[in-house]
Amino acid sequence: SEGKVDTEDEDLSGLMMEESQDLDGGKDDIAEPLFAFLEELCELRGVSKWLRKTLISFVQITYGKTINRHIHETVSGMFSESMMLYYLNTIKDNIWPIEDEGIETQEKIDTEEDKLNIRAEAREQFVNNLPVLLCTLVGQQNARRGADKLFTTLQHHALNKNLFYTTFEVLLRELFPELQAHMEKKL
């Protein structure tokens, strides 16, 4: 029985060593910010080593690959040609809908009380419908606290605007690196 436990510990430490390296053999640049975000969001002080081991084991068992490799493949899939075409068609259909679909345009102006009620209901739904995995991983109370913190943060218009523009800028720099060189020449 003890030999079995040692084997499991060796397997887990092997996964952690593999996980701590990027696809290029460098530091774990992809998963580390995700661990930090989850720890900060759910206020998990002092359990980072346990959280890392649990997440690494879960991803390895579930997907058969490391977190970095899974994230890398997921992001690559999200930016494949077929997905880009899907995104563009979705945007086109939402901006210029076909008239025959009978889309009703109803302008309803909500009062401040209606907006507050809708926001409270949305918060309640968001906090009460957390994934079971998250609740199991960090605990029910920590998950609820983290979800509430995330919901509250996403209600700030200026922060959302900043997040959108920052993400858009990073996306443009990644898709069109020649723009960065062109902007540096101008400065």
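## The largest pocket

Helix 2 gives the largest share of the lining of the largest pocket, with six residues. The helix spans residues 31-41. The structure is a predicted model. Four other helices each supply at least two lining residues here: helix 3 (48-63), helix 4 (67-78), helix 7 (132-138) and helix 8 (140-153).

The full lining counts 24 residues. Nearest the centre of the pocket lie Leu34, Leu38, Leu55, Leu134 and Leu137. What classes make up this lining? It holds 22 nonpolar residues, two polar ones and no charged ones. The space in the pocket comes to about 510 Å³.

## The nonpolar core

The largest nonpolar core has 16 residues. Those with the most contacts inside this core are Leu38, Leu51, Leu55, Ile67, Leu137 and Val138. Helix 2, helix 3, helix 7 and helix 8 each provide at least two of the core residues. Helix 3 makes the largest contribution, four residues. As a rule, nonpolar side chains in soluble globular proteins tend to be buried together.

Core and pocket share some residues. Leu38, Leu55 and Leu137 are among the core residues with the most contacts, and these three leucines also lie among the residues nearest the centre of the largest pocket. Helix 2, helix 3, helix 7 and helix 8 likewise serve both, with at least two residues each in the core and at least two each in the pocket lining.

## The second largest pocket

About 190 Å³ of space lies in the second largest pocket. Which residues line this pocket? They are Val75, Phe79, Thr167, Val170, Leu171, Glu174 and Leu175. Helix 9, residues 157-175, gives the largest share, five residues.

By class, five lining residues are nonpolar, one is polar and one is charged. Glu174 is the charged residue in this lining, since Glu counts as charged. Thr167 is the polar one, because Thr falls outside the nonpolar and charged classes.

## The chain as a whole

The chain has ten helices and zero strands. Read from the N terminus, its elements run α-α-α-α-α-α-α-α-α-α.

How much of the chain is buried? Of its 187 residues, 17% count as buried. The accessible surface is about 14800 Å². Carbon and sulfur atoms hold 58% of that surface. Among contacts with a separation of 6 or more, 53% join residues 24 or more positions apart.

Definitions and conventions: Residues numbered from 1 in each chain as written. Predicted model: local features only at pLDDT ≥ 70, side-chain atom pairs only at ≥ 80, totals over all residues. Heavy atoms only, no water. 1 Å grid on protein atoms, 1.4 Å probe; cavity = no way out; pocket = protein on both sides within 12 Å on 5 of 7 lines; lining within 4 Å. Points joined across faces, edges and corners; volume = space filled by probe spheres on them. Core = buried A, V, L, I, M, F, W, Y, C linked by side-chain atoms within 4.5 Å. Buried < 20%, exposed > 50% of the residue type's maximum accessible area, 1.4 Å probe, protein only. Contact = heavy atoms within 4.5 Å. Areas by Shrake-Rupley, 256 points an atom, 1.4 Å probe, with all protein chains shown as cover.
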